[in-house]
Amino acid sequence: MDTKTKIQTDNSQKSVLARGCDPELSQRFAKIVPPLIGGANYIPTTDDVDFIEKLKSKKWSVIYFAPGACRFSAAKRQIPGGSIDTQGWTLEQYYQLIYELQGKEVEIVQSPYEEESLVLLNKALVKARISNK
(Lines give C-alpha, C1' and ligand atoms only; values in the text may rest on other atoms or scores of the structure.)
Protein backbone atom coordinates (compact mmCIF):
# COMPACT_ATOMS: atom_id res chain seq x y z
CA MET A 1 0.00 0.00 0.00
CA ASP A 2 1.24 3.47 -0.85
CA THR A 3 2.17 5.41 2.29
CA LYS A 4 0.74 8.60 0.80
CA THR A 5 -2.75 7.13 1.05
CA LYS A 6 -2.28 6.56 4.79
CA ILE A 7 -1.19 10.09 5.60
CA GLN A 8 -4.03 12.56 6.03
CA THR A 9 -2.87 16.13 5.54
CA ASP A 10 -4.17 18.62 8.09
CA ASN A 11 -5.44 21.68 6.24
CA SER A 12 -7.68 22.84 9.07
CA GLN A 13 -5.79 26.16 9.22
CA LYS A 14 -6.52 26.84 5.55
CA SER A 15 -9.57 28.06 3.68
CA VAL A 16 -11.06 27.73 0.22
CA LEU A 17 -13.38 30.29 -1.34
CA ALA A 18 -15.30 28.65 -4.18
CA ARG A 19 -17.10 30.35 -7.06
CA GLY A 20 -19.62 28.06 -8.66
CA CYS A 21 -22.79 28.68 -10.59
CA ASP A 22 -25.25 26.05 -9.34
CA PRO A 23 -26.44 26.75 -5.76
CA GLU A 24 -27.65 23.19 -5.12
CA LEU A 25 -24.46 21.51 -6.40
CA SER A 26 -22.29 24.05 -4.57
CA GLN A 27 -23.98 23.34 -1.24
CA ARG A 28 -23.78 19.59 -1.79
CA PHE A 29 -20.07 19.78 -2.69
CA ALA A 30 -19.42 21.97 0.36
CA LYS A 31 -20.77 19.23 2.64
CA ILE A 32 -18.70 16.43 1.11
CA VAL A 33 -15.38 18.11 0.30
CA PRO A 34 -13.84 19.30 3.64
CA PRO A 35 -12.83 15.81 4.88
CA LEU A 36 -11.40 15.07 1.42
CA ILE A 37 -9.16 18.16 1.51
CA GLY A 38 -7.73 17.76 4.99
CA GLY A 39 -10.43 19.66 6.84
CA ALA A 40 -9.92 22.99 5.09
CA ASN A 41 -12.73 25.48 5.61
CA TYR A 42 -14.68 25.42 2.32
CA ILE A 43 -17.00 28.34 1.57
CA PRO A 44 -19.14 28.16 -1.58
CA THR A 45 -20.53 31.17 -3.46
CA THR A 46 -22.71 31.23 -6.55
CA ASP A 47 -22.97 34.92 -7.33
CA ASP A 48 -20.43 37.68 -7.79
CA VAL A 49 -21.81 39.99 -5.11
CA ASP A 50 -21.25 37.34 -2.42
CA PHE A 51 -17.98 36.13 -4.00
CA ILE A 52 -16.43 39.62 -4.16
CA GLU A 53 -17.66 40.50 -0.67
CA LYS A 54 -15.95 37.38 0.69
CA LEU A 55 -12.80 38.08 -1.38
CA LYS A 56 -12.56 41.44 0.38
CA SER A 57 -13.32 40.02 3.84
CA LYS A 58 -10.06 38.14 4.53
CA LYS A 59 -7.01 36.46 3.01
CA TRP A 60 -7.92 33.03 1.61
CA SER A 61 -5.62 30.05 1.07
CA VAL A 62 -7.20 28.98 -2.21
CA ILE A 63 -9.71 30.46 -4.62
CA TYR A 64 -11.54 27.74 -6.52
CA PHE A 65 -13.57 28.08 -9.72
CA ALA A 66 -15.96 25.15 -10.07
CA PRO A 67 -16.16 23.27 -13.39
CA GLY A 68 -19.40 24.90 -14.53
CA ALA A 69 -17.98 28.39 -14.05
CA CYS A 70 -14.87 27.33 -16.00
CA ARG A 71 -16.96 25.98 -18.86
CA PHE A 72 -19.02 29.19 -19.10
CA SER A 73 -15.82 31.25 -19.12
CA ALA A 74 -14.21 29.07 -21.79
CA ALA A 75 -17.29 29.56 -23.97
CA LYS A 76 -16.96 33.35 -23.44
CA ARG A 77 -20.35 33.38 -21.74
CA GLN A 78 -21.31 35.19 -18.55
CA ILE A 79 -20.86 32.93 -15.53
CA PRO A 80 -24.31 32.55 -13.92
CA GLY A 81 -24.56 34.76 -10.85
CA GLY A 82 -22.57 37.55 -12.44
CA SER A 83 -23.36 41.14 -11.59
CA ILE A 84 -23.56 44.36 -13.57
CA ASP A 85 -19.97 45.07 -12.46
CA THR A 86 -18.72 41.73 -13.78
CA GLN A 87 -20.83 41.52 -16.92
CA GLY A 88 -18.91 39.81 -19.71
CA TRP A 89 -16.02 38.74 -17.47
CA THR A 90 -14.03 35.61 -18.18
CA LEU A 91 -11.66 34.04 -15.66
CA GLU A 92 -8.89 36.47 -16.70
CA GLN A 93 -10.79 39.42 -15.22
CA TYR A 94 -11.59 37.45 -12.06
CA TYR A 95 -7.89 36.60 -11.69
CA GLN A 96 -6.96 40.30 -11.93
CA LEU A 97 -9.41 41.16 -9.15
CA ILE A 98 -8.31 38.21 -7.00
CA TYR A 99 -4.62 39.15 -7.25
CA GLU A 100 -5.47 42.78 -6.50
CA LEU A 101 -7.43 41.85 -3.36
CA GLN A 102 -5.53 38.72 -2.23
CA GLY A 103 -1.98 39.23 -3.47
CA LYS A 104 -0.06 37.10 -5.97
CA GLU A 105 0.67 34.41 -3.37
CA VAL A 106 -2.95 33.17 -3.29
CA GLU A 107 -3.46 29.79 -4.96
CA ILE A 108 -6.14 29.68 -7.67
CA VAL A 109 -7.66 26.41 -8.85
CA GLN A 110 -9.78 25.93 -11.94
CA SER A 111 -10.77 23.03 -14.15
CA PRO A 112 -13.74 22.34 -16.40
CA TYR A 113 -13.57 18.69 -15.28
CA GLU A 114 -15.26 17.58 -12.06
CA GLU A 115 -12.95 14.58 -11.67
CA GLU A 116 -9.90 16.85 -11.36
CA SER A 117 -11.30 19.15 -8.68
CA LEU A 118 -10.22 17.33 -5.52
CA VAL A 119 -6.75 16.51 -6.85
CA LEU A 120 -6.16 20.13 -7.86
CA LEU A 121 -7.54 21.49 -4.57
CA ASN A 122 -5.27 19.18 -2.55
CA LYS A 123 -2.21 20.15 -4.63
CA ALA A 124 -2.97 23.84 -4.16
CA LEU A 125 -3.54 23.46 -0.42
CA VAL A 126 -0.06 21.94 0.01
CA LYS A 127 1.45 25.22 -1.21
CA ALA A 128 -1.23 27.55 0.18
CA ARG A 129 -0.89 30.03 3.01
CA ILE A 130 -2.58 29.55 6.38
CA SER A 131 -5.69 31.70 6.48
CA ASN A 132 -8.40 30.15 8.60
CA LYS A 133 -8.84 33.06 10.95
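This is a short selection-by-selection tour of a predicted model.

**Strand β3**

Start by selecting residues 62-65, which form strand β3. Show the side chains. Val62 and Tyr64 are on one side of the strand, with Ile63 and Phe65 on the other. These four residues are all buried, so both faces of β3 are covered.

**The neighbours of β3**

Add residues 15-19, strand β1. β1 runs parallel to β3, and the pairing comprises four bridges. To find the register, pick Val16: the residue opposite in β3 is Val62.

Next add residues 107-110, strand β4. β4 also pairs with β3 in the parallel sense, again over four bridges. Here, select Tyr64 and look across to Val109, the bridge partner in β4.

**The cysteines**

Now select Cys21 and Cys70 and display the sulfur atoms. How many disulfides does the whole structure hold? A search finds zero. For Cys21, the nearest cysteine sulfur is that of Cys70, 9.1 Å away. A disulfide is counted within 2.5 Å, so the sulfur of Cys70 is too far from that of Cys21 for a bond. The surroundings of the two can be read separately: Cys21 is partly exposed, at 22% relative accessibility, while Cys70 is buried, with a relative accessible area of 5%.

**Lys76**

Finish in the loop between α4 (67-74) and α5 (91-102), and select Lys76 there. What is the sign of phi at Lys76, positive or negative? Phi is positive, near 60°, in a residue other than glycine. With the surface switched on, note that Lys76 has 63% relative accessibility and therefore counts as exposed, the cut-off being over 50%.

Notes. Residues are numbered from 1 along each chain as its sequence is written. This is a predicted model: local features need pLDDT of at least 70, side-chain atom pairs count only at pLDDT 80 or more; totals for chains, interfaces and linings use all residues. Side-chain values use heavy atoms; hydrogens and water are left out. Helices (H or I, at least four residues) and strands (E, at least two) are DSSP runs, numbered from the N terminus. Buried means under 20% relative accessible area, exposed over 50%, partly exposed in between (1.4 Å probe, protein chains only). Two strands pair if DSSP finds at least two bridges between them.
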